[in-house]
Structure formats: structure tokens, C-alpha cells
Amino acid sequence: MKLIRLTCGNCGAPIEVRKHARLVVCPFCDTHLKVIRSDGAIYAIMADVISKSARELDVSAERLDGAASDLQNNVNVLRAENAIMELDEEWRWTMHAMSRSSRIGQPRLPTRSGAVLMVMAAVIVLSAYFLLAEHWSRWFTFPVFAGVVFLAWLTWSDASEFRDARTEYVRRRQALMAELGDARSALEGR
Ligand SMILES: [Zn+2]
């Protein structure tokens, strides 16, 4: 049986192993050694060093995976936060575009009840005028009333448009908030 001379990787003692042996126990220090053949060289190193290195590699890979998924979750949180800010900004512009300034300078948004109130006020004021006015100027109330109804109709349709826009804004914002919640819990859940 052919023997090869090796040096123990732990204590440095000379040991002899069989030609094709893969594992050997050092007779001097009782260390389990693995026989490594690489590029014509042959040497013995501690088996637990190898498994320890492999374990450390596993741990490192796991940490790297964790870091990558943390990074991805952070990106998701930032992306959702950014989308919400953009949506809010867009909504502020929409509100600005849809509001009419009142005399006090406060932006006022069109409402359907506003349109109804306009018509009701016109009916009351014009009825009183119709009853009290001279005969020749009474008929003036009808074109004025038609004008008020037209303005009320414009307000009503603006109000409907605004209402639809707000519904869409609220729907999109809720969806983004849910996305943000998922991204945050994924980040904290680790
Ligand atoms: Zn040894």
C-alpha cells in the first residue's frame, strides 16, 4: 500500500496517509483532517475548518440576501411615499383649477347644493319682484330667471366633475396607502 507523507494542518506533525485517502486523523493531536488534492499538490487541513468556513459562507450569503431584500423594501416604501406626495400635489392643482375665488379671496369649490340654493334664491327674489313691480317691468323676471338657471346648471356640472375627481383621488390615495402599508410591514417584519 502506497503511503504519502503529509503535515498535520493543526499541530504540524508529519503524518502518513494512504494514497487515495480523503480523511485522516492525526495520531499526534487527534484532529480530523481532510486530504486536499489540488493542482498536483496534496495537503491535509482540519475538517472542521472547512465546515466552519462553509457555515460562515452560508451565514454571509443569508445576510447578503437579507440586505438585498431590506434594500428592495426600502425602495418600495420610498416609491409609495413619493407616489402619494405626487398624487397630493396633483390634487392640490386640480382643486386650485376647479375652485372659484369668492369676494373674500378664499377658494370656493363648486357644490350641487350651491346650484340648488342659487335657483331657490332666484325663485324667492324674482317672485317678490314680480308681485311688487310695476306691470311693464314684471316680465323682465323671466329672462333673469333663465340666466340664473343657466348659471346654476354650470355650477351643478362643475360640482359633478369635482365630485368625480375627488372620488378618483380618494380611491388612488387609498390604493397607494395600502401599498405603503405593505412595504412598511415587509420592512419591519424582517
Ligand atoms: Zn496533528
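**View 1. Leu6 and its partner in the first hairpin.** In this predicted model, Leu6 has Ile15 of strand S2 as its bridge partner. That pair belongs to a longer match-up: strand S1, residues 3-7, runs antiparallel to strand S2, residues 14-18, and five bridges join them. Look along S2 for Arg18 as well, and you'll find Leu3 standing opposite. Six residues lie between the two strands of this hairpin, and Gly12 has a positive phi near 85°.

**View 2. A sheet of three strands.** Here we turn to an open sheet whose strands come in the order S3-S4-S5, paired in the antiparallel sense. Its edges are strand S3 (23-25) and strand S5 (41-46), each of which pairs on one side only. On average, neighbouring strands of the sheet are turned by 35° against each other, if you ignore direction. As a bit of background, strands in a sheet pair through backbone hydrogen bonds, and the pairing can be parallel or antiparallel.

**View 3. Zooming in on S4 and S5.** Strand S4, residues 32-38, pairs with S5 in the antiparallel sense, and six bridges hold the count. Two of the partnerships are easy to pick out: Ile36 has Tyr43 of S5 as its bridge partner, while Ser38 has Ala41 of S5. Together S4 and S5 make a hairpin with just two residues between them. In that turn sits Asp39, with a positive phi of about 55°.

**View 4. Asp30, a loop residue with a positive phi.** Step back to the loop between S3 and S4 and you'll come to Asp30. Its phi is near 65°, a positive value in a residue other than glycine. Is Asp30 buried or exposed? Asp30 is exposed, as 9 other C-beta atoms lie within 10 Å.

**View 5. Helix H1, out in the open.** Helix H1 covers residues 47-98. H1 has 52 residues and spans 76 Å from first C-alpha to last, close to the 76 Å expected at 1.5 Å a residue. How many of the 52 residues of H1 are buried? The number is one, so H1 lies largely in the open. Glu90 is a residue of this helix, and Glu90 is exposed, with 12 other C-beta atoms within 10 Å. Follow the chain for 79 residues from Glu90 and you get to Tyr169, yet the C-alpha atoms of the two are separated by 9.2 Å.

**View 6. Helix H3 and its buried residues.** Helix H3, residues 141-188, is 48 residues in length. From first C-alpha to last, H3 reaches 68 Å, close to the 70 Å expected at 1.5 Å a residue. Which residues of H3 are buried? They are Ala152, Thr155, Leu176 and Ala183. The buried residues of H3 pack against two helices, H1 and H2, the latter being residues 112-132.

**View 7. Where H2 meets H3.** The axes of H2 and H3 come within 8 Å of each other and cross at roughly 170°. The two helices are therefore roughly antiparallel. Plenty of side-by-side residues make up this meeting place. From H2 they include Met118, Val119, Leu126, Tyr129 and Phe130. On the H3 side, look for Val144, Phe145, Val148, Leu151 and Trp156, among others. Ala152 and Thr155 turn up in this contact too, and both are buried.

**View 8. Two domains and a far-flung pair.** To finish, zoom out to the whole protein chain, which is divided into domain 1 (3-52) and domain 2 (71-188). How far apart are the domain centres? Taken over C-alpha atoms, 83 Å separate the centres of domain 1 and domain 2. A pair of residues gives another distance to look at: the C-alpha atoms of Arg108 and Leu23 are separated by 86 Å, with their positions 85 residues apart along the chain. Arg108 sits in strand S7, residues 107-108. Arg108 is partly exposed, with 13 other C-beta atoms within 10 Å.

Methods: Residues numbered from 1 in each chain as written. Predicted model: local features only at pLDDT ≥ 70, side-chain atom pairs only at ≥ 80, totals over all residues. Pairing = 2+ DSSP bridges. Helix = DSSP H or I, 4+ residues; strand = E, 2+ residues; numbered from the N terminus. Domains from an automatic or database assignment. Expected span 1.5 Å × (residues − 1). Buried ≥ 20, exposed ≤ 12 C-beta atoms within 10 Å, placed from the backbone. Contact = placed C-beta atoms within 7 Å. Axes fitted to C-alpha atoms, helices over the stretch in contact; angles between N-to-C directions. Parallel < 35°, antiparallel > 145°, perpendicular 65-115°, else oblique.
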